[in-house]
Amino acid sequence: GHLRCRIRSKRLFSMSFVGKIKEHFNQYRQFRGGTDYLNAIGQIMERYYPAAELGAHRNDWNPAVLVDQNIYRLEYRRLFARAKRAYDTDPYARSCVRVLQSQIIGKGISPRSKPVDSTGKEIDGMGDILNQNFERFSEECFRPNTDGFFDVQSKYIANCCVSGGLFLNFVPSKPGSLLPFAFQQIDQSFIEFSHDNFAMPNSPMIFNGVKVNNFSEPERYFFQDLLTWLFFELDASNVLHCYEKWHVNQYIGIPWLAPVLTTLWDLSQLQEDKLIASRIQAMIALWVKETSKFPNAANKNTDGKIEWSPGKIIKSMEKPEVIQSTDSIKETFGALIELYLRQISSGMGVSYQEMTADLAGANFASSRVVVMDRRRYYVKKQQFVIRSFCQPIWNKYVQWCFLSGLVSGRSIADFKENEWGYCKATWTPHKWEWVDPLKDIQAFIAEKDAGWLTDESFCEQTGLNREDLYKTLEFESKDSKPAGPSQLGTLKLETGN
């Protein structure tokens with residue numbers, strides 16, 4: 001108690017630190033017998049983490065542990081509204097989304113059916129049937145039929161950036177379609193939180209508009225149409241919820257733009273302030289000496305002031321003194337803008353060069369390092385899209401094919417017995433462009449000659465489908481026109497031909 005009073009009276013530490021000293025000192029006294037005060041203080045100082053300090057200069061740093069569901073409930077609407085505004089009006093936010101769409105999706109991530117039986121043996125013929133039917137289904141799988149499967153892949157990235165995710169509701173397909181069912185897109189911003197009751201004991205668990213069971217699996221979703229303001233519910237068995245899960249106890253997606261929204265807003269405000277200042281400084285007026293009484297009431301506005309505008313002639317007996325404004329960031333404005341842009345690109349997972357198309361100061365070596373690093377990130381995002389969006393849609397497509405009798409000799413009961421095997425598929429993302437075509441091809445050839453590179457691995461890295469490649473090569477080798485791969489190296493162009 002005497003030690004505590006001395007610390008309080010002399011203000012040696014912040015008040016939040018007093019509790020730490022008391023707690024650790026009591027623990028040390030019980031362990032050592034309560035006599036060695038200096039060693040006790042030394043032990044306290046060694047165990048103290050500055051990052052956990054609650055001093056006056058860190059008052060704005062939140063020290064509380066909040067439940068994710070509370071955060072989403074209180075802040076999701078604002079995050080969505082600000083993310084949507086940024087996507088609609090901010091060129092840098094739109095550029096980040098465009099880069100993600102281009103690099104992750106490109107022309108689209110295409111499937112290739114690889115069905116296997118319960119023993120893991122590939123089923124002959126079934127994959128060809130599913131692949132052929134999917135070409136038509138990909139154009140009919142959404143209602144309204146304005147978007148195809150590969151178009152919605154790109155829009156899914158935009159949904160993740162703005163609202164955090166997308167719902168796909170199962171609805172009857174358009175008459176004349178291949179399958180009897182299709183998907184209806186519902187933006188995640190329609191999720192409705194008024195039913196949440198996770199703070200009430202002995203009641204159904206509803207978190208952020210999602211009713212879950214004891215295993216945190218969704219059972220029901222609650223929505224409100226933001227256009228008609230009507231409430232509606234959907235059973236989880238009749239809807240796919242596609243989003244990226246950042247935390248364990250997370251039931252809705254968070255906009256990918258969330259980490260950079262404050263930076264985007266600050267940057268837009270900085271540019272606007274700079275523009276206003278430049279316009280004010282650009283105003284030039286002409287002063288004319290006037291011996292008569294001036295200014296009079298006719299020269300003033302309703303506020304009793306003389307309006308200042310470019311090209312205005314000011315008449316007065318004495319020359320007015322203009323208050324000059326100083327531009328404190330004139331020399332650092334460009335560097336400050338670049339700092340903001342780098343923060344935005346880093347937060348969105350894209351490179352500064354991709355977002356701004358600014359290659360000043362870049363060289364081939366640095367560009368290649370950036371490209372290789374970003375491609376590893378984009379591959380990870382491609383796997384996320386496959387896992388959360390593409391594969392669930394493919395699973396439903398295969399199920400509906402069995403249900404409609406398009407798979408001969410198989411029934412829906414067979415599908416239920418081996419659902420995983422029948423839905424097995426490989427996904428091929430778009431082809432990466434060469435960074436240095438000659439060196440990259442030579443590297444592939446060297447890896448192939450050394451036995452380190454298989455055909456399947458090569459196709460995965462270049463965005464090609466191995467089966468389609470083999471079929472094309474076989475066709476070209478049998479047909480003299482066009483020339484096959486072995487003939488391409490001997491062809492020569494003649495002048496004028």
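**Salt bridges**

I began with the charged pairs and counted 10 salt bridges in this predicted model. I looked up one of them, Arg 220 with Asp 235. The closest N and O atoms of this pair are 3.6 Å apart. That falls inside the cut-off I used, a Lys or Arg side-chain nitrogen within 4 Å of an Asp or Glu carboxyl oxygen. I then placed both partners. Arg 220 sits in strand E6 (residues 218-224) and Asp 235 in strand E7 (residues 231-235), so the salt bridge ties together parts 15 residues apart in sequence.

**The four-stranded sheet**

E6 and E7 led me to their sheet. I found an open sheet of four strands, ordered E4-E5-E6-E7. The pairing is antiparallel. Which strands stand at the edges? E4 and E7 do. Each has a single partner strand, so one side of each is left without a neighbour in the sheet. I noted the turn between neighbouring strands as 25° on average, direction ignored.

Next I checked the E5 and E6 pair. Three bridges join these antiparallel strands. Val 210 stands opposite Tyr 221 of E6.

I also looked at the loop between strand E4 (205-207) and strand E5 (210-212), where Asn 208 is found. Phi of Asn 208 is near 55°. That is a positive value in a residue other than glycine. I made a note of it because most residues other than glycine have a negative phi.

**The three-stranded sheet**

I moved on to another open sheet, with three strands in the order E3-E2-E8. Its pairing is antiparallel as well. Strand E3 (181-187) and strand E8 (239-243) are the edge strands. Each has a single partner strand, so each has one side without a neighbour in the sheet. The twist averages 25° from one strand to the next.

How many bridges join E2 to E3? I found seven between strand E2 (residues 165-172) and E3, which run antiparallel. One partner I looked up was that of Val 171: Ala 182 in E3.

Helix H7 (residues 149-162) packs on this sheet. I found H7 touching E2, E3 and E8. The direction of H7 makes about 135° with that of E2.

**A cis proline**

Before H7, I stopped at the loop that follows helix H6 (126-140) and leads to H7, where Pro 144 has its place. Is the peptide bond from Arg 143 to Pro 144 cis or trans? I read it as cis, with omega near 0°. Most peptide bonds are trans.

**The largest pocket**

Last, I turned to empty space. The largest pocket holds about 820 Å³. I counted 33 lining residues. Nearest the centre lie Cys 459, Glu 460, Gln 461, Thr 462 and Gly 463.

I listed the elements that give two or more residues to the lining: helix H11 (364-404), strand E11 (425-428), helix H14 (437-449), helix H15 (455-462) and helix H16 (466-478). Which element gives the most? H11 does, with eight residues.

I sorted the lining by residue class. It divides into 13 nonpolar, nine polar and 11 charged residues.

Notes: Residues numbered from 1 in each chain as written. Predicted model: local features only at pLDDT ≥ 70, side-chain atom pairs only at ≥ 80, totals over all residues. Heavy atoms only, no water. Pairing = 2+ DSSP bridges. Axes fitted to C-alpha atoms, helices over the stretch in contact; angles between N-to-C directions. Contact = heavy atoms within 4.5 Å. 1 Å grid on protein atoms, 1.4 Å probe; cavity = no way out; pocket = protein on both sides within 12 Å on 5 of 7 lines; lining within 4 Å. Points joined across faces, edges and corners; volume = space filled by probe spheres on them. Nonpolar A, V, L, I, M, F, W, Y, C, P; charged D, E, K, R; others polar.
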